[in-house]
Amino acid sequence: MLEIIKQPWTWYVAGILIGLTVPTLLLLGNKPFGISSSLRHICAACFPSNLSYFKYNWKKEIWNLFFVLGVFLGAVFATLFLKDPNAIVIAEKTKTVLAQHHVNDFTHLIPTDIFSWQSLLTLRGFIFIVIGGFLIGFGTRYAGGCTSGHAIMGLSNLQLPSLIATICFMIGGILMTWFVLPFILTL
Amino acid sequence: MTQNTNTNISDEFKSAEDTVSPHEISILKNIKFLLVGAFFGITFVKAEIISWFRIQEMFRFDSFHMYGVIGTAVIVGVISVFIIKRYKIKTISGEDIKIEPKTFNKGQIYGGLLFGFGWALTGACPGPLFAQIGSGFTVVIVTFVSAVLGTWVYGFFKDKLPH
C-alpha cells in the first residue's frame with residue numbers, strides 16, 4: 001500500500017482530491033476555496049501601512065492562514081515519508097527544449113540549476129525567483145484570485161469572470177513560456 | 001475585485017460563524033482547516049503539481065497531466081456545488097452555505113496575464129509556493145516574500161490601476 005502511495009499520483013486521483021476541497025471547505029465553515037488571499041491577509045496582519053486594501057479584520061480570515069500552513073506541513077510530510085525514490089519523469093519534448101536552454105537538472109521536482117541560493121545572485125535566477133514571485137503576488141490580487149480561487153472555486157460556481165481570469169492565466173503562461181523564457185533561460 | 005470602501009471589503013470576508021468572536025483566534029476552531037490544507041499539500045507534492053517541469057509541460061502542450069488535474073478538479077467542484085445548492089445542504093454548524101458571486105472587472109484580464117507570466121516563471125501558483133518550500137526548496141522562501149511584496153504593491157497602487 002505504502003509503495004503505491006509513494007509513486008507519483010495519477011491526474012484523476014489528484015483532480016478528485018483537489019475538487020473535493022471545494023465542498024469540504026464549504027461544509028466545514030462556509031469558506032470559499034482560495035489561496036492567494038492568504039498573501040493579502042499576511043500584508044493586512046504584518047504591514048497594513050494604512051492602505052484601505054489592507055484595512056479589514058484579518059483575524060476573521062485566519063482559517064486561510066491555517067490552511068496554507070497545512071499545505072506547507074503536508075508538503076513536509078509527503079517529502080519526508082512518501083517520497084518517490086525515482087527521478088521525476090518529464091515529457092521528452094519539454095526536456096529536449098529545456099536542455100537546449102541550459103537547464104541541466106532533471107532529477108528533482110524543480111530544476112535546481114535555476115532555483116537555488118547560488119543562482120539567486122545571477123540575473124537568470126533573480127528573474128525566475130524574485131520577479132516571478134512578485135508577478136504571482138501582484139497578478140493574483142489584481143485578478144482577484146489565483147488558480148484555486150478562480151480556476152477551481154470560481155469555475156465550480158460557474159462564474160464567467162473566473163473563466164475570463166483562467167483563460168488569461170493560461171494566455172500569460174503560454175506567452176511567457178514560448179516567447180520570453182527561451183531568452184531568459186540563456187541569460 | 002471592485003470594492004473601494006472598507007465596508008465592502010469586510011463584506012467580502014463575512015461569514016456568520018466568524019462574527020461570534022471576531023477578535024480572538026481559536027486554534028481549536030481552525031485546526032480542521034490546517035488538516036484539509038495538509039491533505040491538499042500532500043496531493044500537491046505527490047501529483048507533482050508543485051513541479052516546475054509539470055507547469056512547463058502544460059504551457060508547452062507536451063503533457064496532459066495538469067490539464068487532467070485541473071479539469072477533474074473543476075468537474076468535481078461543479079458537481080459538488082450543484083449538489084450543495086440543489087439540496088440546500090448546510091455547514092456542519094447548521095449555517096446556510098453561501099458562495100459570493102464574482103464580479104467582472106478588467107483586473108481579471110490584466111492581473112490574470114501578469115499572474116500567468118509569474119506562473120510560467122516560477123512554475124507555481126500561490127498554493128504550490130507553500131508546498132515547494134515545505135518540500136525543502138528553501139530558496140522559494142524568497143519567491144514567497146517577493147509575492148507578499150507584490151501583493152502589498154498592488155494594495156498601494158490599487159486605486160490608480162485600471163479595473
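Start by selecting the two domains of chain A: their C-alpha centres lie 19 Å apart. The assignment puts domain 1 at 1-86 and domain 2 at 88-187. Where they touch, 13 residues come from domain 1 and 11 from domain 2. Keep in mind as you click around that this is a predicted model.

**Chain A as a whole**

Switch to cartoon and colour chain A by secondary structure. You'll see 9 helices and 0 strands, so to speak a plain run of α-α-α-α-α-α-α-α-α along the sequence. The C-alpha atoms of this chain fill a box of roughly 50 × 45 × 35 Å along the principal axes. Colour by burial next, and 59% of its 187 residues count as buried. If you draw a contact map, look away from the diagonal: among contacts with a separation of 6 or more, 48% join residues 24 or more positions apart. Put a surface on chain A and about 7,800 Å² is exposed, with carbon and sulfur atoms supplying 73% of that area.

**Into the core**

Hide the surface and show the nonpolar side chains. The largest nonpolar core has 99 residues, and the members touching the most others are Phe33(A), Phe67(A), Phe128(A) and Trp119(B). Domain 1 and domain 2 of chain A each give at least three residues to this core. As a rule, nonpolar side chains in soluble globular proteins tend to be buried together.

Now centre on Trp119(B). Which residues does Trp119(B) contact, once its neighbours within four places in sequence are left aside? From chain A come Ile136(A), Thr147(A), Phe169(A) and Met170(A). From chain B come Ile55(B), Met58(B), Phe59(B), Ile70(B), Ala124(B) and Cys125(B).

**A nonpolar patch on the outside**

Bring the surface back and select Leu160(A), Leu163(A), Ile167(A), Ile171(A), Leu175(A), Trp178(A), Phe179(A), Val180(A) and Phe61(B). Together they make a nonpolar surface patch of about 870 Å². Click on Phe179(A), which sits in helix H9 (residues 160-185) of chain A. Is Phe179(A) buried or exposed? Its relative accessibility is 62%, and the cut-off for exposed is over 50%, so Phe179(A) counts as exposed.

The chain B member of the patch, Phe61(B), deserves a look at its backbone too. Phe61(B) has a positive phi of about 60° although it is not a glycine. You'll find Phe61(B) in the loop between helix H3 (52-59) and helix H4 (65-86) of chain B.

For another backbone of this kind, go to Asn50(A), a non-glycine residue with a positive phi of about 60°. Most residues other than glycine have a negative phi. Asn50(A) belongs to the loop between helix H3 (37-46) and helix H4 (62-81) of chain A, and at 63% relative accessibility it counts as exposed.

**Salt bridges**

How many salt bridges does a search of the whole structure find? There are 4 over all chains. Take the one between Lys93(A) and Asp62(B), whose closest N and O atoms are 3.7 Å apart. This pair crosses between chains, running from helix H5 (residues 92-100) of chain A to the loop between H3 and H4 of chain B. Lys93(A) is exposed, with a relative accessible area of 58%.

Next, select Arg54(B) and Glu57(B), whose side chains meet in a salt bridge at 3.0 Å, N to O. Both residues lie in helix H3 of chain B, 3 residues apart, or about one turn of the helix. Arg54(B) and Glu57(B) are both buried.

Add Glu48(B) to that selection, and you have a network of salt bridges linking Glu48(B), Arg54(B) and Glu57(B). Glu48(B) lies in the loop between helix H2 (27-46) and H3 of chain B, and it counts as buried at 8% relative accessibility. What does Glu48(B) touch, not counting residues up to four places away in sequence? Its contacts are Pro8(A), Ile88(A), Leu109(A) and Arg54(B).

From Glu48(B), try a distance to Ser93(B): the two are 45 residues apart in sequence, and their C-alpha atoms are 35 Å apart in space.

Finish the tour at Asp96(B) and Lys90(B), whose side chains form a salt bridge at 2.5 Å, N to O. Lys90(B) is partly exposed here, with a relative accessible area of 42%.

Terms used
Residues are numbered from 1 along each chain as its sequence is written. Chains are lettered from A and ligands numbered from 1 in the order in which they are written. This is a predicted model: local features need pLDDT of at least 70, side-chain atom pairs count only at pLDDT 80 or more; totals for chains, interfaces and linings use all residues. Side-chain values use heavy atoms; hydrogens and water are left out. A nonpolar core is a set of buried Ala, Val, Leu, Ile, Met, Phe, Trp, Tyr and Cys residues joined through side-chain atoms within 4.5 Å. Buried means under 20% relative accessible area, exposed over 50%, partly exposed in between (1.4 Å probe, protein chains only). Domain bounds come from an automatic or database domain assignment. Contact means heavy atoms within 4.5 Å. Helices (H or I, at least four residues) and strands (E, at least two) are DSSP runs, numbered from the N terminus. Patches are made of residues with over 30% relative accessible area and no salt bridge: like charges are joined within 9 Å, nonpolar side chains (Val, Leu, Ile, Met, Phe, Trp, Tyr) within 5 Å. Accessible areas come from the Shrake-Rupley method with a 1.4 Å probe; for residues, only the protein chains shown count as cover.
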